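Q: Hey, can you walk me through this structure? I'd like to poke at the packing and the odd backbone spots.

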Amino acid sequence: MKKVYFYIDDTIWVLRELTRTCPTSIFDVPLFAALKKGHDKYGLKVQMNLFYRTDSFYGYDEFSLADVTDSYKKEFEEASDWLKFAFHALEEFPDYPHVNATYDDTKWLFKAIEKEVIRYAGEKSFTYAVCPHWLPVSKEGVRALYDCGVKILDATVGDVVEYNEDPFSLPYGHSARLLNNRQPETKVFTRGGRDVAISHSICGYNHLSKDDSKEIRTNLGLFHNDEIGIKFKTYCSTCLNTTPYEELEEEFAPLLNQEYIGVCDHEQYFYADYFNYQPDYADKIYKMCEMVTKNDYEFFFMEELIK
């Protein structure tokens, strides 16, 4: 059976909604309900990558994982065979939060997220396959993640290029993220993909050349990093929130002969008060599920590759 890996980055708002609305079931919360519908009909498995707290960009009403109610722990544990949570970042901004991170900061944050997930959802609900926010992690950050039990880490892929010292050569003020506490492994690379605004991006220690990634991009292989011992997996094959619903079939067509497909999404696009709200968010998930299962794919968790 061919495998598909689905994860939702930037998760925190759904847990705030759960905690503040106090429903009878976690599946009375619309996003969790949509995911359960995908699971019940198509066997969807989803990894939700967590922010530790909400960002002040959206207002000062801060909510953190420490605030999440533990009233639904048993229900989360019962759903842990298809719904899991993982490390992502402290909060949404700044971009590239881990690219020049220290060992101690990375370890502290990982342990803080791990502790809260185990408290509100149980040990079985936490996964040690990690997709970091914006992907790049410093060498010391990767070492910290490995020491925390992470065995698989998503990696960027592309041709490394020299930073030309022009702050406008990177978008959104990203040059400041490149230079602040810059580590020797922090570089610029050519990303490619749909989002041309970030065609030039920053990479860290968890970066693979096109040659190194060639053998693992379309199958279940992993790249073994000999120095630290961690394994890298290439970034997702496609992202739902950057693909219009009417283009999904065209987007997936060249992927459906691969042994492995990675599909990502971002939580905030589900919510109507988000400036980039997508009312067809759930429909895109169902369409993705329909296409992959019709073509003999089975959903799985990345951590299953090392068990």
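A: Sure, we can go through the cores, a helix pair, a sheet and some unusual backbone angles.

Q: Is this predicted or experimental?
A: This is a predicted model.

Q: OK, core first. Which residues touch the most other members of the largest nonpolar core?
A: That core has 74 residues, and Phe6, Leu15, Phe32, Leu35, Phe76, Phe252 and Met288 touch the most other members.

Q: And which helix gives the most to this core?
A: Helix α4, residues 103–121, with seven residues.

Q: What does Phe6 touch, leaving out residues up to four places away in sequence?
A: Quite a mix. The nonpolar names on the list are Leu35, Leu44, Val46, Leu240, Val263, Cys264, Ile285, Met288 and Phe299. Phe6 also touches Lys45, Gln47 and Asp265.

Q: What's in the second core?
A: That one is separate and has twelve residues, including Ile152, Cys239, Tyr260 and Met302.

Q: Let's go to helix α1. Which of its residues are buried?
A: Helix α1 covers residues 13–21, and Trp13, Val14, Leu15, Leu18 and Thr19 are buried there.

Q: What do those buried residues pack against?
A: They pack against the strands β1 (2–11), β2 (46–51) and β3 (83–89), and against the helices α2 (30–42), α3 (73–78) and α4.

Q: What follows α1?
A: Cys22 does, and its phi is positive, near 50°.

Q: I was also looking at Phe63. Where is it, and is it buried or exposed?
A: Phe63 lies in the loop between β2 and α3. Its relative accessibility is 2%, so Phe63 counts as buried.

Q: What is Phe63 in contact with beyond its neighbours within four places in sequence?
A: The list has Ile12, Leu15, Arg16, Thr19, Arg20, Tyr52, Arg53, Thr54 and Val68. As for Arg53, Phe63 is ten residues from it in sequence and 5.6 Å from it in space, C-alpha to C-alpha.

Q: Switching to helix packing. At what angle do α4 and α5 pack?
A: About 40°, with the axes 8 Å apart; α5 is residues 139–147. The crossing of α4 past α5 is right-handed.

Q: Which residues make the contact?
A: From α4, Tyr103, Thr106, Lys107 and Phe110. From α5, Glu140, Gly141, Arg143, Ala144, Leu145 and Asp147.

Q: How many nonpolar, polar and charged residues are in that contact?
A: Four nonpolar, two polar and four charged.

Q: Now the sheet with β6. What's the strand order?
A: The order is β6-β7-β8, an open sheet of three strands with antiparallel pairing. The edge strands are β6 and β8, each with a single partner strand, so one side of each has no neighbour in the sheet. On average, neighbouring strands are turned by 45° against each other, direction ignored.

Q: How many bridges does β7 make with β6, and how many with β8?
A: β6 (residues 159–161) and β7 (residues 187–190) pair over three bridges. For β7 and β8 (residues 200–203) there are four bridges.

Q: Which residues stand opposite each other?
A: Between β6 and β7, Val161 stands opposite Val188, and Val160 stands opposite Phe189. On the β8 side, Lys187 has Cys203 as its bridge partner.

Q: Last topic, backbone oddities. Which residues does the cis peptide bond join?
A: Phe93 and Pro94, with omega about 5°. Pro94 sits in the loop between β3 and α4. For context, most peptide bonds are trans, and most residues other than glycine have a negative phi.

Q: So what's phi for Tyr96?
A: Positive, about 50°, although Tyr96 is not a glycine. Tyr96 lies in the loop between β3 and α4. It is buried, with a relative accessible area of 0%.

Q: And Asp296, what's phi there, and is that residue buried or exposed?
A: Phi of Asp296 is near 70°, again a positive value in a residue other than glycine. Asp296 is in the loop between α9 (281–294) and β14 (297–299). With 51% relative accessibility, Asp296 counts as exposed. The cut-off for exposed is over 50%.

Notes: Residues are numbered from 1 along each chain as its sequence is written. This is a predicted model: local features need pLDDT of at least 70, side-chain atom pairs count only at pLDDT 80 or more; totals for chains, interfaces and linings use all residues. Side-chain values use heavy atoms; hydrogens and water are left out. A nonpolar core is a set of buried Ala, Val, Leu, Ile, Met, Phe, Trp, Tyr and Cys residues joined through side-chain atoms within 4.5 Å. Buried means under 20% relative accessible area, exposed over 50%, partly exposed in between (1.4 Å probe, protein chains only). Helices (H or I, at least four residues) and strands (E, at least two) are DSSP runs, numbered from the N terminus. Contact means heavy atoms within 4.5 Å. Axes are lines fitted to C-alpha atoms, for helices over the stretch in contact, and angles run from 0 to 180 degrees between N-to-C directions. A crossing is left-handed if the near helix is turned anticlockwise from the far one by less than a right angle, and right-handed if clockwise. Two strands pair if DSSP finds at least two bridges between them.
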